[in-house]
Amino acid sequence: MTHHTKVLAIVANYGVEQDELLVPVRHLRDDGVRVDIAAPDRGDIRTPVRDRRPGETVRPTHALGGIDPTDYDLLLIPGGTLNADSLRLRLEAVAVVLAFTTSGRPVAAIRHDRLTGEGPYGRRFARIRTGRCGRRATGQRAVTGTGSGGARPSR
């Protein structure tokens with residue numbers, strides 16, 4: 001990516017895993033990429049660490065309803081137990097994902113089966129995950145929809 005590349009990260013104000021947001025954002029910014037973070041509202045984003053303890057607090061750049069997806073080259077959707085469930089129920093988040101997927105721009109979704117293939121809004125994105133729109137998902141089985149991503153059921 002070049003310093004002219006603009007990346008949009010969309011997250012919920014609570015429930016995005018700290019490292020799944022901050023590690024890619026910091027790496028991109030260190031490489032000179034402009035990264036904006038959009039959340040449902042302009043309040044602080046509180047990130048948990050492994051869903052157990054409080055992580056860093058991040059100030060979003062924009063509210064989801066106030067961004068124009070066409071201004072960005074790549075969409076980043078960080079993971080987190082509550083993040084996907086919160087985002088897929090927000091029409092403005094679904095609209096952003098659709099804007100990227102229908103225009104052919106890349107989407108980097110970290111652990112997001114729920115946003116990209118399940119649930120009432122996620123079913124719209126199942127074509128992307130399965131490659132029926134000419135695009136393929138890569139990564140852990142949980143992302144590609146072929147399994148549990150290596151998780152083992154407890155006994």
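Glutamate 56 is partly exposed in this predicted model, with a relative accessible area of 33%. Its side chain meets that of arginine 26 in a salt bridge, 2.8 Å from N to O. Arginine 26 is also partly exposed, at 42% relative accessible area. The contact between glutamate 56 and arginine 26 links distant parts of the chain. Glutamate 56 belongs to strand E4 (residues 53-58) and arginine 26 to helix H1 (residues 18-30), and the two are 30 residues apart.

**Salt bridges**

The structure holds five salt bridges. Three of them are described here, beginning with the pair above and listed in the table.

| Acidic residue | Basic residue | N to O distance |
|---|---|---|
| glutamate 56 | arginine 26 | 2.8 Å |
| aspartate 44 | arginine 59 | 3.2 Å |
| aspartate 85 | arginine 88 | 3.3 Å |

Arginine 59 forms its salt bridge with aspartate 44. Arginine 59 sits in the loop between E4 and strand E5 (62-63), and aspartate 44 in the loop between strand E2 (34-39) and strand E3 (45-49), so the bridge ties together parts 15 residues apart in sequence. Arginine 59 is exposed, with a relative accessible area of 53%, whereas aspartate 44 is partly exposed at 37%.

The salt bridge between aspartate 85 and arginine 88 is set within one element. Both residues lie in helix H2 (residues 81-88), three residues apart, which is about one turn of the helix. Aspartate 85 is partly exposed, with a relative accessible area of 23%. Arginine 88 has a relative accessible area of 16% and counts as buried, because the cut-off for buried is under 20%.

**Strands and pairing**

The protein chain contains seven helices and seven strands. In sequence order, they follow the pattern β-α-β-β-β-β-β-α-α-β-α-α-α-α.

Strand E4, which carries glutamate 56, runs antiparallel to E3 and is joined to E3 by four bridges. Within this pairing, arginine 46 has threonine 57 of E4 as its bridge partner. E3 and E4 form a hairpin with three residues between them. Arginine 50, in the turn, has a positive phi of about 55 degrees.

A further set of strands makes up an open sheet of five strands, in the order E5-E2-E1-E6-E7, with parallel pairing. E5 and strand E7 (107-109) are at the edges and have a single partner strand each, so one side of each lacks a neighbour in the sheet. E2 and E5 pair in the parallel sense over two bridges, and alanine 38 stands opposite histidine 62 in E5.

Helix H1, which contributes arginine 26 to the salt bridge with glutamate 56, lies across strand E1 (6-10), E2 and strand E6 (74-77). The helix runs at about 150 degrees to E2.

**The approach to E5**

Threonine 61 lies in the loop between E4 and E5, the loop that also holds arginine 59. Threonine 61 is partly exposed, with a relative accessible area of 28%. Beyond its neighbours within four places in sequence, threonine 61 is in contact with Asp36, Ile37 and Arg42. The C-alpha atoms of threonine 61 and aspartate 36 are 5.6 Å apart, although the two residues are separated by 25 residues in sequence.

**Nonpolar cores**

In soluble globular proteins, nonpolar side chains tend to be buried together. The largest nonpolar core here has 16 residues. Val7, Val11, Leu21, Ile37 and Ile45 have the most contacts inside this core. E1, H1, E2 and E6 each supply at least two of its residues. The largest share, four residues, comes from H1.

Isoleucine 45 also touches residues on the hairpin side. Leaving aside neighbours within four places in sequence, isoleucine 45 is in contact with ten residues that include Glu56, Thr57 and Val58, together with Val11 and Ile37.

A second, separate core has 13 residues, among them Leu8, Tyr72, Leu87 and Val97.

**The chain overall**

Of the 155 residues of the protein chain, 43% count as buried. Among contacts with a separation of 6 or more, 69% are between residues 24 or more positions apart. The exposed area of the protein chain is about 8,600 Å², with 48% of this area supplied by carbon and sulfur atoms.

Conventions
Residues numbered from 1 in each chain as written. Predicted model: local features only at pLDDT ≥ 70, side-chain atom pairs only at ≥ 80, totals over all residues. Heavy atoms only, no water. Salt bridge = Lys/Arg side-chain N within 4 Å of Asp/Glu carboxyl O. Buried < 20%, exposed > 50% of the residue type's maximum accessible area, 1.4 Å probe, protein only. Pairing = 2+ DSSP bridges. Contact = heavy atoms within 4.5 Å. Axes fitted to C-alpha atoms, helices over the stretch in contact; angles between N-to-C directions. Core = buried A, V, L, I, M, F, W, Y, C linked by side-chain atoms within 4.5 Å. Areas by Shrake-Rupley, 256 points an atom, 1.4 Å probe, with all protein chains shown as cover.
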